[in-house]
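Hi everyone, thanks for coming. Let me put the structure up on the screen, and then we can walk through it together.

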Amino acid sequence: MAESTTTITVTVNGTEHTRQVAPRTLLVDLIRDDLRLTGTHIGCEEGICGACTVTVDGQLVKSCLFLAVQADGKEVTTVEGLTPKGGTSRLQESFRDNFALQCGFCTPGMVVAADALLRENPDPSEQEIKEHLVGNLCRCTGYLSIIDAVRAAANQEVTS
Ligand code: FES
Ligand code: FES
């Protein structure tokens, strides 16, 4: 028997999409497989690693634990939505300049989470950055360079 579907309309990075989705379709699968926004990564699929982090109506969400139907009528922002056309954001440049990525697998989720922090707290302390990024795991960097990158981006925002 064919699985029933629901019509949803989701705005992703400013563009509205209407789709038929199965009730159990995950937001991360809609983003990656249907919309082809592959900057959002899938790691653990259990809400632990944070590689799949996006925002939904401004709130950080692990998109591997969020159903597509829950995003109906909402605004989703992925890492692509934070990246200027043909360039990189100040935060992304700060990750590069501070050697805050190696394999890069965790980086989109880190950038989305750090961007959300800087929007709500433009000058976070080291402790605040650590607490905010507690849901994003990195197997490569040891975290210090990631914290440095967020601090450096914050300093640029504050002094510019
Ligand atoms: S893939 Fe979603 S938290 Fe790891
Ligand atoms: S840079 Fe490799 S997992 Fe973070």
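Let's begin with Val134, which sits in the loop between helix 4 (126–132) and helix 5 (144–159). Helices here are DSSP runs of H or I with at least four residues, strands are runs of E with at least two, and both are numbered from the N terminus. Val134 is exposed, because its relative accessible area is 65%. The cut-offs are these: buried means under 20% relative accessible area, exposed means over 50%, and partly exposed lies in between, with a 1.4 Å probe and protein chains only. From Val134 to Asn155, 21 residues along the chain, the C-alpha atoms are separated by 21 Å.

A word on where the values come from. This is a predicted model, where local features need pLDDT of at least 70 and side-chain atom pairs count only at pLDDT 80 or more, while totals for chains, interfaces and linings use all residues. Residues are numbered from 1 along each chain as its sequence is written, chains are lettered from A and ligands numbered from 1 in the order in which they are written, and side-chain values use heavy atoms, with hydrogens and water left out.

Now the overall picture. How many helices and strands does the protein chain have? There are 5 helices and 5 strands, and from the N terminus on they run β-β-α-β-β-β-α-α-α-α. The C-alpha trace spans about 55 × 30 × 25 Å along its principal axes. The radius of gyration is 16 Å, which agrees with the value near 15 Å for a compact globule of 160 residues. For the record, that radius is taken over C-alpha atoms, and the globule rule is 2.2 Å times the number of residues to the power 0.38. Of the 160 residues, 44% count as buried. Among contacts between residues at least 6 apart in sequence, 55% join residues at least 24 apart; contact means heavy atoms within 4.5 Å.

Two residues show what such sequence separations look like. Ile8 lies in strand 1 (residues 6–12). Is Ile8 buried or exposed? It is buried, because its relative accessible area is 1%. Leaving out residues up to four places away in sequence, Ile8 touches His17, Thr18, Arg19, Val21, Leu30, Ala68, Val69 and Asp72. The C-alpha atoms of Ile8 and Asp72 are 5.0 Å apart, with their positions 64 residues apart along the chain.

Next comes Lys74, in the loop between strand 4 (59–62) and strand 5 (75–77). Lys74 is partly exposed, at 29% relative accessible area. C-alpha to C-alpha, Lys74 and Val10 are 5.6 Å apart in space, and 64 residues apart in sequence. Beyond its neighbours within four places, Lys74 is in contact with Thr9, Val10, Thr11, Val56 and Asp57.

That last partner, Asp57, deserves a look of its own. Most residues other than glycine have a negative phi. Phi of Asp57, however, is near 50 degrees, a positive value. Asp57 lies in the loop between strand 3 and strand 4 and counts as partly exposed at 43% relative accessibility. Arg36, also not a glycine, has a positive phi of about 60 degrees. Arg36 is found in the loop between helix 1 (27–34) and strand 3 (53–56), and is exposed at 64% relative accessibility.

Finally, for the chemists, a pocket. Which residues line the second largest pocket? They are Gly43, Cys44, Cys49, Ala51, Cys103, Phe105, Cys106, Leu137, Cys138, Arg139 and Cys140. On a 1 Å grid over the protein atoms alone, a pocket is an open set of points where a 1.4 Å probe fits, with protein on both sides within 12 Å along at least five of seven lines, and lining residues have an atom within 4 Å of a point. The volume is about 170 Å³, meaning the space filled by probe spheres set on the points, with points joined across faces, edges and corners.

The lining divides into 9 nonpolar, 1 polar and 1 charged. Here Ala, Val, Leu, Ile, Met, Phe, Trp, Tyr, Cys and Pro count as nonpolar, Asp, Glu, Lys and Arg as charged, and the others, Gly among them, as polar. Among the lining cysteines, Cys49 is buried at 15% relative accessible area, whereas Cys140 is partly exposed at 30%. How many disulfides does the structure hold? The count is 0, a disulfide being a pair of cysteine sulfur atoms within 2.5 Å.
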